[in-house]
Amino acid sequence: MNHKNTGRWADRLVMIICTAVIAAVITVDIATTIITASAATLPLAGISAEVSRMAIENATLPTAGISAQVTEWLADEPESVENDIPEVSEPLEVVPDPIEEDMEPMGNDVDFDEMYLLARLIYAEAGSVKDDECLYAVGSVVLNRMADPDYPDTMWGVIYQTYPTLQYQCTEDGHINWEPDERCLEIAEDLLRFGPTIPADVVYQSEFLQGSGVWKRFENVVFSHK
């Protein structure tokens, strides 16, 4: 009887131990699963907790204020907001026209009839030339002739001179009556206000050499010295 009882208790003990081992393994598996799941939700839980804490802190500050946390974030920014604003470049320097820069006022009031007549001549003689210097030179020849004793001393007399020969073909073919453009009107006004832009002895303007020599040529327009 005693041997039989001993064997039964031994069997029970073995079964208890096995059951305990199996339970321990199951417990470890369950614990691992729980830890893994908890780890996956920890960041969200941490963020939620942080947001809740900030909300509580900010709720105690006045409306016009700024939270301590936000202030800390701004301080940690690597660049100031001002650095994102593009710098305004300096205004471009206006380069004056070399012709107008050398001009000095003559102190005379501009007569509209003279200005309009001179503009018509400039337009008829060289209105198609793109270089403004040429147009200034055309008008300057008229002014140089007005100051030269060998020519009439009025603008009308110089432009419509026919003796000893016709001086400007445009007065005969009618081109002098063409309406001048704004550019020619401005150049005529500049010339009457500031004076000629060419040497005083340049009194010839044609398509060929005249006088003592060429001063300058613009396309098919030649300016010559007296």
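## Helix 4 and its neighbours

The buried residues of helix 4 pack against four other helices: helix 5, helix 6 (155-159), helix 7 (170-173) and helix 8. Buried here means under 20% relative accessible area, with exposed set at over 50% and partly exposed in between (1.4 Å probe, protein chains only). Contact is heavy atoms within 4.5 Å. Helices (H or I, at least four residues) and strands (E, at least two) are DSSP runs, numbered from the N terminus.

Which residues of helix 4 are buried? They are Met 115, Leu 117, Leu 118, Ala 119, Arg 120, Leu 121, Ile 122, Ala 124 and Ala 126. Helix 4 covers residues 112-126, and its 15 residues should span 21 Å at 1.5 Å a residue; the end C-alpha atoms are 21 Å apart, so that agrees. The expected span is 1.5 Å times one less than the number of residues.

## What kind of model this is

This is a predicted model, so a few ground rules apply: local features need pLDDT of at least 70, side-chain atom pairs count only at pLDDT 80 or more, and totals for chains, interfaces and linings use all residues. Residues are numbered from 1 along each chain as its sequence is written, and side-chain values use heavy atoms, with hydrogens and water left out.

## The overall picture

The protein has eight helices and three strands, and along the sequence they read α-α-α-α-α-α-α-α-β-β-β. Of its 226 residues, 27% are buried. Among contacts with a separation of 6 or more, 59% are between residues 24 or more positions apart.

About 16,000 Å² of the protein is exposed, and carbon and sulfur atoms supply 59% of that area. Areas come from the Shrake-Rupley method with a 1.4 Å probe; for residues, only the protein chains shown count as cover.

## Helix 8 and Glu 189

Helix 8 (residues 182-194) is where you'll find Glu 189. The 13 residues of helix 8 should span 18 Å at 1.5 Å a residue, and its end C-alpha atoms are indeed 18 Å apart. Its buried residues are Cys 184, Ile 187, Ala 188, Asp 190, Leu 191 and Leu 192. After the helix comes Gly 195, with a positive phi near 100°.

Glu 189 itself counts as partly exposed, because its relative accessibility is 30%. Leaving aside neighbours within four places in sequence, Glu 189 is in contact with Val 110 and Met 115. Its C-alpha atom is 9.1 Å from that of Glu 114, which is 75 residues away along the chain.

## The three-stranded sheet

The strands form an open sheet with the order 1-3-2 and antiparallel pairing. Strand 1 (202-206) and strand 2 (213-218) are at the edges with a single partner strand each, so one side of each has no neighbour in the sheet. On average, neighbouring strands are turned by 25° against each other, direction ignored. Two strands pair if DSSP finds at least two bridges between them.

Strand 1 is joined to strand 3 (residues 221-225) by four bridges, and the two run antiparallel. Within that pair, Tyr 204 stands opposite Ser 224. Helix 5 (residues 132-147) packs on the sheet, touching strand 1, strand 2 and strand 3, and its direction makes about 125° with that of strand 1. For these angles, axes are lines fitted to C-alpha atoms, for helices over the stretch in contact, and values run from 0 to 180 degrees between N-to-C directions.

## Cysteines

How many disulfides does a search of the whole structure find? Zero, taking a disulfide as a pair of cysteine sulfur atoms within 2.5 Å. Cys 134 is buried, with a relative accessible area of 0%, and Cys 170 is buried too, at 2%.
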